[in-house]
Amino acid sequence: MRFNRMLLSATLVVVALVIQVTVLARLQLPGAVPDLMLLVVLALAFVYGHVGGALIGFFAGLLADLAPPADHAAGRYALVLCVIGYLAGLARPENGQIRSALGPMAVVVGAAVGSTLLYAGVGALVGDNAARHVGLGSLLFTAAVYDLLLAPFTVPLIMWLARRADNDPLSEAQSAGGGGGDVAAGWLTTGTGLKIGSQRGGLRVKAARGRAARAGRIKGVKRL
């Protein structure tokens with residue numbers, strides 16, 4: 001990974017962990033806790049792909065495993081986020097453009113449910129059956145709802161920061177043309193920005209035709 005990618009990823013993961021521990025974990029919401037770390041991994045995986053998503057997920061999960069007040073075996077959440085980051089990166093289109101927010105929203109719901117199931121499954125293997133006492137069904141539902149509500153305010157911003165830090169041509173084109181083609185710019189808005197580009201192209205074509213017409217008239221005068 002490039003240095004700017006590692007620096008941005010590390011910064012976002014640390015900030016997300018601090019908010020997760022100091023704010024979200026103390027809200028005392030029923031069921032699960034909104035997982036900001038998961039959303040950071042998903043957003044970066046949407047931009048960096050499956051390899052970057054897996055690496056970021058592993059180190060983010062490992063940091064969460066070691067940070068207090070963690071009460072589970074180290075490496076448990078690292079495995080979960082590594083798998084989720086890899087799978088989310090596979091959902092990224094090859095051209096980097098996501099036309100609709102429905103796809104990422106579905107990925108967020110799937111990641112929330114999948115990470116909860118995987119975390120509970122790994123816990124069952126090491127003898128941690130806390131999910132059974134809380135109620136796995138309640139955890140799955142609340143995790144999906146909380147993450148889905150939090151995603152529109154975090155995922156687009158993180159994707160935009162990742163593209164800007166990576167000097168992504170797609171990000172520069174979106175900044176110049178309105179940026180509606182990617183989910184990072186169009187999660188909460190509609191439109192693709194294609195009209196702006198077509199209008200500009202039409203103006204250029206009209207200007208070129210006008211210059212050609214004027215040149216033809218001038219040549220005709222000279223011939224006379």
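**Figure 1. Overall fold of the protein chain.** Contact means heavy atoms within 4.5 Å. Among contacts in the protein chain between residues at least 6 apart in sequence, 71% join residues at least 24 apart. This is a predicted model: local features need pLDDT of at least 70, side-chain atom pairs count only at pLDDT 80 or more, and totals for chains, interfaces and linings use all residues. Residues are numbered from 1 along each chain as its sequence is written, and side-chain values use heavy atoms, with hydrogens and water left out. The chain has 9 helices and 0 strands. Both element types are DSSP runs, numbered from the N terminus: helices are H or I with at least four residues, strands are E with at least two. Along the sequence the pattern reads α-α-α-α-α-α-α-α-α. The chain has 224 residues, and 39% of them count as buried. Buried means under 20% relative accessible area, exposed means over 50%, and partly exposed lies in between (1.4 Å probe, protein chains only). The exposed surface of the chain is about 12,600 Å², with 67% supplied by carbon and sulfur atoms. Accessible areas come from the Shrake-Rupley method with a 1.4 Å probe; for residues, only the protein chains shown count as cover.

**Figure 2. The largest nonpolar core, with 36 residues.** A nonpolar core is a set of buried Ala, Val, Leu, Ile, Met, Phe, Trp, Tyr and Cys residues joined through side-chain atoms within 4.5 Å. Met37, Leu38, Val40, Leu42, Leu44, Tyr48 and Val155 have the most contacts inside this core. Helices α1, α2 (36-66), α3 (76-90), α4 (102-125) and α6 each supply at least two of its residues. Helix α2 gives the most, with 16 residues. In soluble globular proteins, nonpolar side chains tend to be buried together. Leu42 touches Ile84, Ala88, Val107, Val108 and Ala111, apart from residues up to four places away in sequence.

**Figure 3. A nonpolar surface patch that includes Ile19.** The patch is formed by Val15, Ile19, Val23, Leu27 and Leu29. Together they have about 370 Å² of accessible area. Patches are made of residues with over 30% relative accessible area and no salt bridge; like charges are joined within 9 Å, nonpolar side chains (Val, Leu, Ile, Met, Phe, Trp, Tyr) within 5 Å. A salt bridge is a side-chain nitrogen of Lys or Arg within 4 Å of a carboxyl oxygen of Asp or Glu. Ile19 sits in helix α1 (residues 3-22). Ile19 counts as partly exposed because its relative accessibility is 33%.

**Figure 4. Three residues of the loop between α1 and α2: Gln28, Pro30 and Ala32.** Gln28 has a positive phi, near 55°, and is not a glycine. Most residues other than glycine have a negative phi. Gln28 counts as exposed, at 75% relative accessibility. Pro30 is also exposed, because its relative accessible area is 57%. Ala32 is buried, at 12%.

**Figure 5. Pro30 and Ala32 in contact with Thr142 and Tyr146.** Pro30 touches Thr142 and Tyr146, leaving out residues up to four places away in sequence. Pro30 and Thr142 are 112 residues apart along the chain, yet their C-alpha atoms are separated by 7.6 Å. With neighbours within four places in sequence set aside, Ala32 is in contact with Leu139, Thr142, Ala143 and Tyr146. The C-alpha atoms of Ala32 and Leu139 are separated by 5.1 Å, with these positions 107 residues apart in sequence numbering.

**Figure 6. Thr116 of helix α4.** Thr116 counts as buried because its relative accessibility is 16%. Its contacts are Leu136, Leu139, Leu140 and Ala143, not counting residues up to four places away in sequence.

**Figure 7. Cys82 of helix α3.** Cys82 is partly exposed, since its relative accessible area is 23%. Cys82 touches Ala54, Gly57 and Phe58, again without residues up to four places away in sequence. Cys82 and His50 are 32 residues apart in sequence; C-alpha to C-alpha they lie 9.6 Å apart.

**Figure 8. The bend in helix α6 (residues 136-165).** The helix bends by about 55° at Ala151. The bend at a residue is the angle between axes fitted to the seven residues ending there and the seven starting there. A proline, Pro152, follows within four residues. After α6 comes Asn167, with a positive phi near 55°.
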